Amino acid sequence: MYLRLVTYGKEIVNNSSVTSSLSLTGLAGLKKHWRDDLLSGFQIFLIALPLCLGIAMASGLPPMAGIISAIVGGMFVSRVNGSFVTITGPAAGLIVVILDAVTTLGEGDPTAGYYYTLAAIVVAGVLQLIMGYFKVGTLSSFFPTSVVHGMLTAIGIIIMTKQVHVMLGVTPESGSLFSTMAQIPHSFLNMNAEIGVIGIFGLLLLILWNRLSHPWLKKIPAPILVVLLGIGLGTYFDLQHQHIFHLPQQLEMLTRNTLHDGQVGPSYLVAISNHFMSSFHLPDFGKFFTVEFWVAVVSICLVGSLESVLSTVAVDKLDPYKRHSNLDKDLAAIGAGNALSGLIGGSAMISEIVRSSANINNGAKTGWANFFHGSLMLLFVVLFPQVIHSIPLAALAALLVYTGFRLASPKEFSKVLKVGTEQFFMFCVTIVGVLATDLLIGVAIGIVVKLLVHIMRGVWWSNLFKIHFTVSESGEEYIVKLHGSALFTNFLPLKKAMDNLPKGKHITINLTNGYLIDHTVMEYLHDFMHDYESHGGYCKQIGEPIHTFSNHALAARLMTEDERRNGRSYS
């Protein structure tokens, strides 16, 4: 998913006193900005409630697991994290790894799988906490951009494939992912009519609402409208009671007998206890020493950490006050939140980009907006569990189908293709790899393919994982000079050195002696220069490429003849 960097029309503020007041995170921040944060927190709660329920159920967990995750993320993580306006909670990107953990660890028993998965979430959270403590949040840069977007697109395809059947009220025959995908036309032709009406109408509402341009209507969260529509239709169809519905004969004839009488009832509604305390469950560490358990732990840790760091970086770019999050502290806080959530029965969480973007758009100023979002979630599920029970599963499935489509829309394919055909190739390889195997193997395939492409382009082996550059100072000017190739596998030392340069100076990035600079590094350099200048500095880049791999401004490029051919070495 390419993260669009927009400021929603808000003026960028450089006034240091204003920015300082907005950096308040404790009671001082609450006292100064509580009105803005409470209003935004309420609007995010309306968006998050149905998504948390749907994501948990799509992950093979009880619906309350998603709610618990959002409550912990809002009320606990917001108080200890390193970011300012991010919203933490369950996310669509984690559905695939959580569902796979429940299925694999449970061995056919979803309840046992749930308890084992809680243990995996706890251990993954502890690993994230350790990673944050040892300041490895920047390791997310090791994953090439095209592979990350391929992973997210594959996740979107998987979500759509599985949830479209729920949206239509049909249970597909068990089989592989491709088998489930092939059964989609059959589910449309044999949908449960009443359930299909709820799901399809909800999906159409999301699509149409997204096209509205009226500023006041845009303020109403589309997910809550889908839920209200679903509740209304569910009440009209009397889903609270088990019964057989009868289609009018004219409708059967109109649909050429593809729709028939069917049975509906409470099983098509969200199942939730009226007693909040009964929603808490303890994890089962009985499979701690199995390979399957640690595969689940690594998957949850890897995907959750990667998505959280990327989302936090993107949210910092959206922040009109240009505040910088502490990525390592934020990752540690997410880890602590996951450990706590898993210990009491909740799903895994990340810093979520869509809700965080909406939080900024709604005028949030500090992390208290996240706190209010979690607090309102807790208050609602304690006081109004019957309202949640009246939500049709088809309405939540429509939300997830729409979310999956946004992750894997044709626009995402077009954006990657514009960067370069080689990026598009690795993007597609990753998608196919994830769909045909699993997430970890698919990502590994994408990374290996990109390394092979770099080798084929002449990057010497010693430069694959070691970068060669110098940083020199001349008065007010700092010159960063590259020697050889800068790749996703080796540029972390360069990134660290550039991030530590003093603010407000003149920075010259000299690529004259560079060889291959890949898209991931070009994207970093572009973001660095833009951010550095927004804080009063000046940046320029010198060195013209002899070849770029597309017309995109940040495409991978060859700068000079290979230093290896000239007999030079930078070992």
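Okay, one definition before anything else: a residue is buried when its relative accessible area is under 20%, exposed when that is over 50%, and partly exposed in between. Keep that in mind, and keep in mind too that this is a predicted model.

Let's use the definition straight away on aspartate 238. You'll find aspartate 238 in the loop between helix 11, residues 222-236, and strand 2, residues 243-245. Its relative accessibility is 32%, so aspartate 238 counts as partly exposed. There's a backbone quirk here as well: aspartate 238 isn't a glycine, yet its phi is positive, at about 55°.

Now hop over to lysine 322, in the loop between helix 13, residues 291-318, and helix 14. Here phi is near 55°, again a positive value in a residue other than glycine. Buried or exposed, then, for lysine 322? Well, relative accessibility is 12%, so lysine 322 counts as buried.

That loop leads us to helix 14, so let's see how helix 14 packs with helix 3. Helix 14 covers residues 327-343, and its axis runs 9 Å from that of helix 3, at an angle of about 140°. The two helices are therefore oblique to each other, and their crossing is right-handed. Who's doing the touching? From helix 3 we have Ile68, Ser69, Val72, Phe76, Val77 and Val80, and they meet Lys329, Ala333, Ile334, Ala336, Gly337, Leu340 and Ser341 of helix 14. Sorted by class, the contact of helix 3 with helix 14 has nine nonpolar residues, three polar and one charged.

Let me pick one of those out: isoleucine 334, in helix 14. Its relative accessible area is 0%, so isoleucine 334 is buried. Leaving aside residues up to four places away in sequence, isoleucine 334 touches Val77, Thr88, Gln128, Ser308, Met349, Ile350 and Ser351. Also, the C-alpha atoms of isoleucine 334 and serine 305 sit 8.3 Å apart, with the two positions 29 residues apart along the chain.

Last stop, threonine 86. Where is threonine 86 found? In the loop between helix 3, residues 63-80, and strand 1, residues 87-89. With a relative accessible area of 3%, threonine 86 is buried. What does the side chain of threonine 86 join up with through a polar contact? That would be the side chain of serine 83, at 2.6 Å. Beyond residues up to four places away in sequence, threonine 86 touches Asn81, Thr312, Val315, Ser351, Ser356 and Asn370. You'll have heard Ser351 already, since isoleucine 334 touches Ser351 too.

And that's the tour, thanks.

Key
Residues are numbered from 1 along each chain as its sequence is written. This is a predicted model: local features need pLDDT of at least 70, side-chain atom pairs count only at pLDDT 80 or more; totals for chains, interfaces and linings use all residues. Side-chain values use heavy atoms; hydrogens and water are left out. Helices (H or I, at least four residues) and strands (E, at least two) are DSSP runs, numbered from the N terminus. Buried means under 20% relative accessible area, exposed over 50%, partly exposed in between (1.4 Å probe, protein chains only). A polar contact is a pair of N or O atoms within 3.5 Å; within protein, one must be able to donate a hydrogen and the other to accept it, and residues adjacent in sequence count only if both atoms are side-chain atoms. Contact means heavy atoms within 4.5 Å. Axes are lines fitted to C-alpha atoms, for helices over the stretch in contact, and angles run from 0 to 180 degrees between N-to-C directions. Angles under 35 degrees count as roughly parallel, over 145 as roughly antiparallel, 65 to 115 as roughly perpendicular and the rest as oblique. A crossing is left-handed if the near helix is turned anticlockwise from the far one by less than a right angle, and right-handed if clockwise. Ala, Val, Leu, Ile, Met, Phe, Trp, Tyr, Cys and Pro count as nonpolar, Asp, Glu, Lys and Arg as charged, and the others, Gly among them, as polar.
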